[in-house]
Amino acid sequence: MTMRRNAGCNTIDHHVTRRQFMGTGAMAGAMAGFGSLLTPAMAGEMKSKQKQILQVYLQGGVSQFEAWDPKPGTKYGGPFRPISTSVPGLQICELLPYTASKMHLLSVVRSINLETDDHTVGRLFMEKGRKNGDYPFVGAVASKYLTTPDNPLPGYVHITTRGIVDQTAGFLESKHAMMRLEGVKPPTNLERPQGVPKELAIRAEGLRKQLNNQFGGKRSRALIDSYDTSFEQAQQLMARADLFEKQDEKELDRYGRHWFGRRCLLAKTLLEEGVTCVKVTHHGYDTHAENFNFHVEQLDEFDKTFATLLGDIEERGMLDNVLVVIYSEFGRTPKVNHKYGRDHWGKSFSIALGGCGIQPGGVIGATNADGTEVSEREVDGAHLFHTYMQAVGIDSQSNHALDGRAVPIGDPVAAPIKELLS
Amino acid sequence: MRNEEQDTIETTETMDGTRPESAVPANAKEVRKFTHAEALTNCRLDPSGRYAFAGAEDFGVYRWNLETGEKVIYRGIHDSWVRRIDFSNDGTHVFTSGWDGRVVVWEVDPETVEKIELPVEKAGEGRSDKTDGEVTQTVESEIELVVDNPVRIVDAHRGFARWVHAGPNGKYVATCGNDKVIRLWDAKRWKLRKEFSGHGRHPYAVMIHPDGESLVSEDLMGEIFVWNARTGQRLKELKSGMTGFDNKFQADMGGARDMAFNQDGSLVGCAGITNVVNSFAGQQDPIICIVDWESKEITSHLRTKSNSPGVAWGVRFHPEGYVVGAMGNQNGKGTVEFWSLTESSPENSAEVKGDSAGCDGSGEAVVEEEKKPREIKPFHVVEVDKPVRGIDFTKDGRRFIVACSDGSLRVYQI
């Protein structure tokens, strides 16, 4: 059974139990194994047509001053300097030199105002495009509308060590919920227990199906079908455990041997294998103390690894079909506190995005001179959600069809950031 | 309003020039407070004891004359925060190292100080002119004293120059930065003499031993390296424990926030943090580790009286033998704490380590004795209402200054 802890800085994820995994995550079991089910032609087809999303979540709230919106020499600018990027006239913080060399592939939105400084509210707004309500996350919507019916891969995989246990599918089928991988490891509790012969396991599987049929006799099949799908995918995953056990040494040299490097290398593999939405979390940005030393360490780890991943996606010709988003639940306060920290700040912060459907090399919006408020083209999580959806070809202004009810995919009060769309 | 009584600095010598009685920490009192609009990052007293220098979060370096209160701004060169300040051996030059990777050499007492007149608007103060019954704001002027012509600018490190320390013989200056390299420079011409590589993570501080023959450095992971200054050979590695991996947020935090030798070089103190619980919120213990130079072992852990979470931002050895530390606490307060290293302590006992019988194949027990560092509590604490980010003493130990996060620089007398 999963638990949901209080919001804010203490919100952490919890271990996935077998039940939770079977309910939502086990479908990812097949993700690695499914590659073997695709013919090279099918894989090529998937790569050429399927729209995908890569979310890089900087958990805790990366500082906009120390990343995408530097304010050198101003009251709250902090100690770091801006550097030029591959886009003339666009500067970002000096802590991101490798990413700076790839900015011609990305655009920056500098004018986000979520009107919240709460981790959970901010995170859900950034993921669901709504501040309230049981709506599905970006990854779940992508899974539903972008994953082809014959694709047995999970639609939405999150690689993390810690993370948040959210109801990511909302009102969509549970097979579109986020499947969480604890780092570069297959989900636990999948292997046949020692001492259980193969024949017995096969009989047990038969019994499971029989019980499912009995249980589902007069009930809706949707949930049970979803569990069945999950279970089958889990079985296929077990056949491709090698994906998790051994990562290429040369690739690790390029990506970095730290956790984030390994996660991003797995993310690349999963995108290549056809997973629709891959989310990678890099932890450690909730810097109420030592904001500057922590950003030196964390962004040093992020920068080269992310730039390598982005470069590989581009080099493989995948960027036209993969939307890349680097985001947080909010930014950090302009004011530096007495612990050399910056606190939560959702009033004026930034993200970067690029790839599928996005005009590269642009800057949307602006903050004022000291970075204390948005001064131009204010947007929020709803605008961003619409933009992501439109970028990958989902009409966010149309509706989900739910048992005869029409539920708007994106918040009707907002619209995509059209100038960002290609 | 400034307190005139507080502005008076009492003399540290008697009329006949002899030293007064011992400096008693319990008598420490704040005698003057200078203010600045931005938070200070560190502070030093020049060798004459006449000037206090401090870095600030506005990229400036500020010099206060302790007697007159005159404030001079050294600016225009650093485009980042100044992390560390030191002085040439003869006291004529001040070295400032910043997060911009530069070390800047300035004159301590330059002949040319630019005077800039600044308009200052003051509502309801000074001369008031009544117009239609309303009081208008009066514009007065304030003179800003500026030094913007340094003697030398050194691009010392690719990445932040976290530390600068001038050696005792005046020949060399040591620096370290985020390129993970320690550099030894010719103090006069600033020619690079030697590089020391080996720290796996960012070195936070480096000091030249008073004998001039060796260096000591400490990095983010709390690893203390002792180096032969001539050969570059690493003579000793110590794991100080002044670091921690924050499990929640999966990042390391630690390293020396200050470092100092005692007067004869027999001890070095390293100030920082330990017992990391949640460094992202500032939840860790301040600590000062004392290293015995002869044995190259950590002999004492100096703990704060209150055990409040925070950071030890400063350490100094007082001429009379005790150790003084400056703390910035998580709760928004600060302390200056005093420890005696000669004080007996129940924790001061050798600990038999390991169950290693037969490990050498002889069948006999090999017992390695390892001295656990003494855990020492302070014998006196001076409370400060704001976190303290740096401390320095006059040579005679009769005055000390602290730099605070509210922009104040406070002068204490013992």
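1. Strands β14 and β15 of chain B (residues 161–166 and 172–177) pair in the antiparallel sense over 5 bridges; two strands pair if DSSP finds at least two bridges between them, and strands here are DSSP runs (E, at least two residues) numbered from the N terminus. Across this pair, Trp163(B) stands opposite Cys176(B). The hairpin has 5 residues between its strands, and there Gly170(B) takes a positive phi near 80°.

2. A quick word on what you're looking at: this is a predicted model, where local features need pLDDT of at least 70, side-chain atom pairs count only at pLDDT 80 or more, and totals for chains, interfaces and linings use all residues. Residues are numbered from 1 along each chain as written, chains are lettered from A and ligands numbered from 1 in written order, and side-chain values use heavy atoms, leaving out hydrogens and water.

3. Is β14(B) buried or exposed? It's mostly covered, with 6 of its 6 residues buried (under 20% relative accessible area, 1.4 Å probe, protein chains only).

4. Now the interface. Chain B puts 39 residues in contact with 34 of chain A (heavy atoms within 4.5 Å). Phe249(B), Gln250(B) and Phe280(B) lose the most area to chain A, together 24% of what the chain B side buries. The area buried between the chains is about 2900 Å², with 57% from carbon and sulfur atoms; that's accessible area (1.4 Å probe) lost on putting them together, summed over both.

5. The rule finds 4 salt bridges across the interface (a Lys or Arg side-chain nitrogen within 4 Å of an Asp or Glu carboxyl oxygen). One joins Asp79(B) to Arg81(A), with the closest N and O atoms 3.6 Å apart.

Definitions and conventions. Buried area is the accessible area (1.4 Å probe) that two parts lose on being put together, summed over both. Buried means under 20% relative accessible area, exposed over 50%, partly exposed in between (1.4 Å probe, protein chains only). Helices (H or I, at least four residues) and strands (E, at least two) are DSSP runs, numbered from the N terminus.
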